[in-house]
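Open the model in your viewer and keep the selection tool handy. We will go from a pocket to two helix pairs.

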Amino acid sequence: MTTSIGTGPGRALVAVYGLFSLAAGARAGVQIALKFGEAPLAYSLSAFAALVYILLTVALFRGARRLALAAIVVELAGVLVVGTLSVLDPAAFPDETVWSTYGKGYLFIPLVLPLVGLYWLRRRR
């Protein structure tokens, strides 16, 4: 028997993903509305990150384990790829994204969060 992934301490994970959904979404919305031409790639990636965080929030809350796992894998890949590219080619990212420099602007939480999410999904199996 499997246990629910959005209950107990999993609620904290849902809350953190919900908070990141709001933070990344609001940041991307303002950046896209006011200065999209300055760094369209960076701002689009922040909007994509917000969508991934929204999907994760809903998947964890509803207990959709496979969807949550897929979204966490996308999130981790995004953090690693964007983080690496932003370090190797900073000119390609004239402004920060949620995932640039592995989430440095968010205290590296975007790098740690998918690892915590994977641990939680595995633990609640």
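How do the residues lining the largest pocket divide into nonpolar, polar and charged? Three are nonpolar, none is polar and four are charged (Ala, Val, Leu, Ile, Met, Phe, Trp, Tyr, Cys and Pro count as nonpolar, Asp, Glu, Lys and Arg as charged, the others, Gly among them, as polar).

A word on the source: this is a predicted model, where local features need pLDDT of at least 70 and side-chain atom pairs 80 or more, while totals for chains, interfaces and linings use all residues. Numbering runs from 1 along each chain as its sequence is written, and side-chain values use heavy atoms, without hydrogens or water.

**Stop 1: the lining.** Select Arg-65, Arg-66, Leu-69, Leu-118, Leu-121, Arg-122 and Arg-125. Helices α3 and α4 (109-123) each give two or more residues to this lining.

**Stop 2: α2 and α3.** Now select residues 40-62 (α2) and 65-88 (α3), which pack at about 155° with axes 9 Å apart. That angle makes α2 roughly antiparallel to α3 (over 145 degrees). Among the residues that meet here (heavy atoms within 4.5 Å) are Phe-48 and Leu-55 in α2, and Ile-72 and Glu-75 in α3. This contact has 14 nonpolar residues, no polar ones and one charged.

**Stop 3: α1 and α2.** Add residues 10-35, helix α1, which packs against α2 at about 155°, axes 8 Å apart. So α1 is roughly antiparallel to α2. Contacting residues include Tyr-17, Gly-18 and Lys-35 in α1, and Tyr-43 and Phe-61 in α2. By class, 15 are nonpolar, six polar and one charged.

Key. Axes are lines fitted to C-alpha atoms, for helices over the stretch in contact, and angles run from 0 to 180 degrees between N-to-C directions. Helices (H or I, at least four residues) and strands (E, at least two) are DSSP runs, numbered from the N terminus. Angles under 35 degrees count as roughly parallel, over 145 as roughly antiparallel, 65 to 115 as roughly perpendicular and the rest as oblique. On a 1 Å grid over the protein atoms alone, a cavity is a set of points where a 1.4 Å probe fits but cannot get out, and a pocket is an open set with protein on both sides within 12 Å along at least five of seven lines; lining residues have an atom within 4 Å of a point.
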